[in-house]
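Colleague: Please take me through the metal site in this model, donor by donor, and then through what surrounds it. Give the cut-offs as you go.

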Amino acid sequence: MGLSLPAGFTLDGTTIHHRIAALAAVSESPAPVVTRVLFSEADLAARRLVADWCREAGLSTRTDAAGNVFARWEGTEPDRPPVATGSHIDAIPNAGRFDGVVGVLGGLAAIEALRRAGFRPRRSLELIVFTAEEPTRFGLGCLGSRIMGGALEPAAADRLADGAGKTFFEWRSGAGCPGDLAGVPLEPGHYAAFVELHIEQGPILEREGLDIGVVEKIAAPAALRLRLTGEGGHAGAVLMQDRHDALLAGAEIALAVEQAARDSSSPDTVGTTGVFRIGPGAINSVPAWAELEIDLRDTDLPRREAARAQIERAVAEICGRRGVGFALETINADPPAICDPGLIAEIMSQMEEIRRNRRRRCSSRTMVSRAYHDTLFMARVCPVTMIFIPCRGGVSHRPDEYAAPEAIETGVTVLAASLAALASET
Ligand code: HGY
Ligand code: MN
Ligand code: MN
C-alpha cells in the first residue's frame, strides 16, 4: 500500500502545542507540575476539556461505566470493526505534561488533519481516553483498559478501594459514571487494530538520534502491597534488642527488592519500592507499622516471576528475624504483550512512504516498551502496537518531562498515515 496520507494533509502543530499547554494547566499542583489523579476535580475538568475538543472536531463522544471516553469518526462502512487510537490524561503526583497526553491530543490532531484533507475512512476511527492508566488512586494501573480487555472482573473493579476506603464504584458514581461495569469489557475483535502514540519514557531514541520507535513488546508489570506490623513503643524505653521496628524491616525489604532485580541475568528486570509509609510517625516512637508498594517488571515473564519469588522469600526471612508481622498482597501480575508484526510492518511501510515523499525524516527502529500502557490490555481485544517519540533525556514521571514540538508532529504524522492505512482496509 502506498502512502495513505491524503495529498492535502497538513498538521496544525500550533493547536497541538496550545492544547498540551492548556491541559497541563488543569492540575492539582502548581505549574509546571502536573498531577491528575483519577476522578479528582482536575481529572474531571481535563476530561471535559478533551471531550469538548473532540466534539468541536466533529466526533461523537460517549463514556462507558468505567469512565473510558470514546470519540468516534463514523466510517463509510460503520458495521466493520473500527480502528482505534488513544492513551490517558491522568497523571501521577509530580508528573510532566506529555505522558499519555501526546497519545490523546496527538490522536485527535491526526484525525482532525485527515478530516481537513478530505480523507474518508472505510472503517470508523475511535479515539479512546482511558480511565486511570496510572495506579495512583487504587494502586492498580490501566484500570479502564484492564476492564475493557477482560483482565479485571467488573465486580472486583468496583470493590477496589483507595487509602480512605472509598471504592471505585463510589468514585465513578460521583464522577457521573454510575452505569453497570458489565457493559465495559469488549469482545475480542471489537476493534480491527489499536495503535497508541506515546513518549518513549526512556533514553534510547534520543541516544540513537532516531525519530520513531515502533513497539514489538510491552514489559510485564507486577505490583505488590506489603503491610508490616511491628510493636512500636517508646524510643527511649525500648532497648535495641527488644525492638520489632516495622520501618527497619521495610528498609531491608526495599533493599531486597533492589537486590532481586540486580541478581537477575538481565537488565530488563527492574524493581522499585515507590511507596513507603510508616506510622505512627513521631520522632520518639519506634515505627509500629509500615506499608510498601513494590513495582516489579521484566520483558520476560519467568524472569520476573523468579525475582518476585526471591522478594517473597526475603520478606519472610526478614520479618521472621525481626519479629515483624507481614501481609503481602499481589495487586497485579500481568504477562507481557506481544505487538502485532503485521501492524508493525504497516507502520514501517508508511514511514518509508513518508520519507520518500520527503515529508519528514522518520528515522526509526523497533523496540521494547519498559513502561506499561493501555496497549498492554488492548492486546487482549485486537492487534496492537505503539508509536514512540523521543523525550529529553528519557525523563518521565517528572515535571521536567519534555518532548520537542517537531518530535510530536513527526509522531502524529506517522500515526495519521497508519490510521489512514488501517481505516482504508477492507
Ligand atoms: O508505570 C508505567 O509504566 C506507566 O507510565 N503508568
Ligand atoms: Mn505514566
Ligand atoms: Mn503513559
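Modeller: The manganese ion (ligand 2) takes its protein donors from Asp99 (OD), Glu134 (OE) and His397 (NE2), which lie 2.1 to 2.2 Å from it. Donors here are N, O and S atoms within 2.8 Å of the metal (3.2 Å for Na, K and Ca), and water is not among the atoms, so sites may look incomplete. This is a predicted model, in which local features need pLDDT of at least 70 and side-chain atom pairs count only at pLDDT 80 or more, while totals for chains, interfaces and linings use all residues. Residues are numbered from 1 along each chain as its sequence is written, chains are lettered from A and ligands numbered from 1 in the order in which they are written, and side-chain values use heavy atoms, with hydrogens and water left out.

Along the chain, the donors of the manganese ion (ligand 2) follow the spacing D-x34-E-x262-H. Asp99 sits in the loop between strand E5 (91–95) and helix H3 (101–116), and Glu134 in the loop between strand E6 (125–130) and helix H4 (143–148), so this pair ties together parts that are 35 residues apart in sequence. Helices (H or I, at least four residues) and strands (E, at least two) are DSSP runs, numbered from the N terminus.

For the manganese ion (ligand 3), the protein donors are His88 (NE2), Asp99 (OD) and His198 (NE2), at 2.1 to 2.3 Å. Their spacing in sequence is H-x10-D-x98-H. Asp99 bridges this ion and the manganese ion (ligand 2), and the two ions are 3.6 Å apart. Asp99, in the loop between E5 and H3, and His198, in strand E7 (residues 193–199), link distant parts of the chain, 99 residues apart.

Next comes ligand 1. The residues around ligand 1 (a heavy atom within 4 Å) are Glu133, Glu134, Gln201, Arg297, Ala371, Tyr372 and His397. Glu134 and His397 are also donors of the manganese ion (ligand 2). By class, this shell has two nonpolar, two polar and three charged residues; Ala, Val, Leu, Ile, Met, Phe, Trp, Tyr, Cys and Pro count as nonpolar, Asp, Glu, Lys and Arg as charged, and the others, Gly among them, as polar.

A nitrogen atom of ligand 1 is 3.0 Å from an N or O atom in the side chain of Glu133. An oxygen atom of ligand 1 lies 2.8 Å from a backbone N or O atom of Tyr372, and a polar side-chain atom of His397 is 3.1 Å from an oxygen atom of ligand 1. Taken alone, ligand 1 exposes 220 Å², of which the protein buries 94%; accessible areas come from the Shrake-Rupley method with a 1.4 Å probe, and for residues only the protein chains shown count as cover.

Some backbone details remain. Cys142, in the loop between E6 and H4, has a positive phi of about 55° although it is not a glycine. A cis peptide bond with omega of about 5° joins Ala31 and Pro32, and Pro32 lies in the loop between helix H1 (13–24) and strand E1 (34–36). The peptide bond from Gly279 to Pro280 is also cis, with omega near 10°; Pro280 is in the loop between strand E10 (270–279) and strand E11 (289–298). Most residues other than glycine have a negative phi, and most peptide bonds are trans.

Key:
Polar contact = N/O pair within 3.5 Å; in protein donor to acceptor, adjacent residues only side chain to side chain.
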